[in-house]
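Biologist: Please pick one part of this model and take me through it closely, in plain terms. I'd like to know what sits next to what, and which bits are hidden or on show.

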Amino acid sequence: MFLIVVLFVTISLNAQVGVNVGPKIGYQASKLSFKGDDMESSFNNALNIGIFTRFSFKRFIIQPELLFSCQNVNNKINNLSVPVLFGFKLVDRKIFKMRANVGPVAYFTIGNTSFKKKMNMGSALGLGLDVWRLTLDIN
């Protein structure tokens with residue numbers, strides 16, 4: 001995965017630990033693929049939809065997500081991805097927040113029996129902005 005851009009609205013719950021829950025909708029474009037020793041370049045597009053929960057502990061965050069993606073390649077590949085992001089708030093104002101995240105991602109292939117390996121692991125690295133209840137993530 002090369003880039004995920006996500007725009008969504010969060011629902012905030014007041015507690016000692018800050019908790020945000022919301023939908024996650026995004027577009028994904030991947031460009032590089034490896035076959036043996038060769039590297040190929042081509043665009044594979046995907047639509048992502050899912051849900052996230054963000055737990056805030058002062059300036060630190062933990063954000064588990066559950067995302068479904070449908071990739072538009074020769075044979076459609078549906079994935080269920082489960083990222084668990086750990087982050088740090090770089091800017092923490094009342095109306096504007098900026099954070100950096102990193103964490104593991106488990107990918108599960110759904111419905112395509114041509115793949116021998118049904119589960120893969122990866123990682124995510126990204127930045128996020130919150131302006132009031134509107135959030136933009138780039139991973």
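Modeller: Let's start with Met98, whose bridge partner in strand E8 is Leu129. Strands here, like helices, are DSSP runs numbered from the N terminus (H or I over at least four residues for a helix, E over at least two for a strand). Keep in mind that this is a predicted model: local features need pLDDT of at least 70, side-chain atom pairs count only at pLDDT 80 or more, and totals for chains, interfaces and linings use all residues. Residues are numbered from 1 along each chain as its sequence is written, and side-chain values use heavy atoms, with hydrogens and water left out.

Now zoom out a little. E7 and E8 (residues 119-131) are antiparallel partners joined by 13 bridges; two strands count as paired if DSSP finds at least two bridges between them. E7, which covers residues 96-110, also runs antiparallel to E6, with 12 bridges joining those two. A hairpin of 3 residues makes the connection from E6 to E7. Along that pairing, Lys89 has Arg99 of E7 as its bridge partner, and Asp92 stands opposite Lys97 in E7.

Arg99 is the residue I'd stay with. Side chains of opposite charge can pair when their charged atoms come close. The cut-off for a salt bridge here is a side-chain nitrogen of Lys or Arg within 4 Å of a carboxyl oxygen of Asp or Glu. By that rule the count comes to 6 salt bridges. One of them joins Arg99 to Asp130, at 3.2 Å from N to O. That pair links distant parts of the chain, with Asp130 in E8, Arg99 in E7, and their positions 31 residues apart. How buried or exposed is Asp130? Asp130 counts as buried because its relative accessibility is 8%, where buried means under 20% relative accessible area, exposed means over 50%, and partly exposed lies in between (1.4 Å probe, protein chains only). Arg99 is buried as well, at 3%.

Arg99 also meets Asp137 in a salt bridge, this time at 2.6 Å from N to O. Asp137 belongs to strand E9 (residues 134-138) and Arg99 to E7, so this contact ties together parts 38 residues apart in sequence. Asp137 is buried too, with 1% relative accessible area. Through shared partners, salt bridges join Arg99, Asp130 and Asp137 with Lys24, Arg54 and Glu65 into one network.

Take Glu65 and Lys24 from that network: they form a salt bridge whose closest N and O atoms are 2.5 Å apart. Glu65 is in strand E5 and Lys24 in strand E3 (residues 18-35), so this pair ties together parts 41 residues apart in sequence. Both of these residues are buried.

Next to consider is the exposed side of things. Trp132 lies in the loop between E8 and E9. Its phi is near 55°, a positive value in a residue other than glycine. Trp132 is exposed, at 68% relative accessible area. Lys58, in the loop between E4 and E5, also has a phi near 55°, and Lys58 counts as exposed at 76%.

There's a nonpolar surface patch as well, of about 710 Å², made by Phe55, Phe57, Phe60, Ile62, Phe86, Phe88, Leu90 and Leu127. Patches take residues with over 30% relative accessible area and no salt bridge, joining like charges within 9 Å and nonpolar side chains (Val, Leu, Ile, Met, Phe, Trp, Tyr) within 5 Å. The areas come from the Shrake-Rupley method with a 1.4 Å probe, and for residues only the protein chains shown count as cover. E4 (38-57), E5 (60-72) and E6 (77-92) each supply at least two patch residues, and E6 gives the largest share, with 3. Phe60 sits in E5 and is exposed, at 51%.

As for the setting, the protein has 9 strands and 0 helices. Of its 139 residues, 33% count as buried. It exposes about 9000 Å², with carbon and sulfur atoms supplying 67%. Taking contacts (heavy atoms within 4.5 Å) between residues at least 6 apart in sequence, 46% join residues at least 24 apart.
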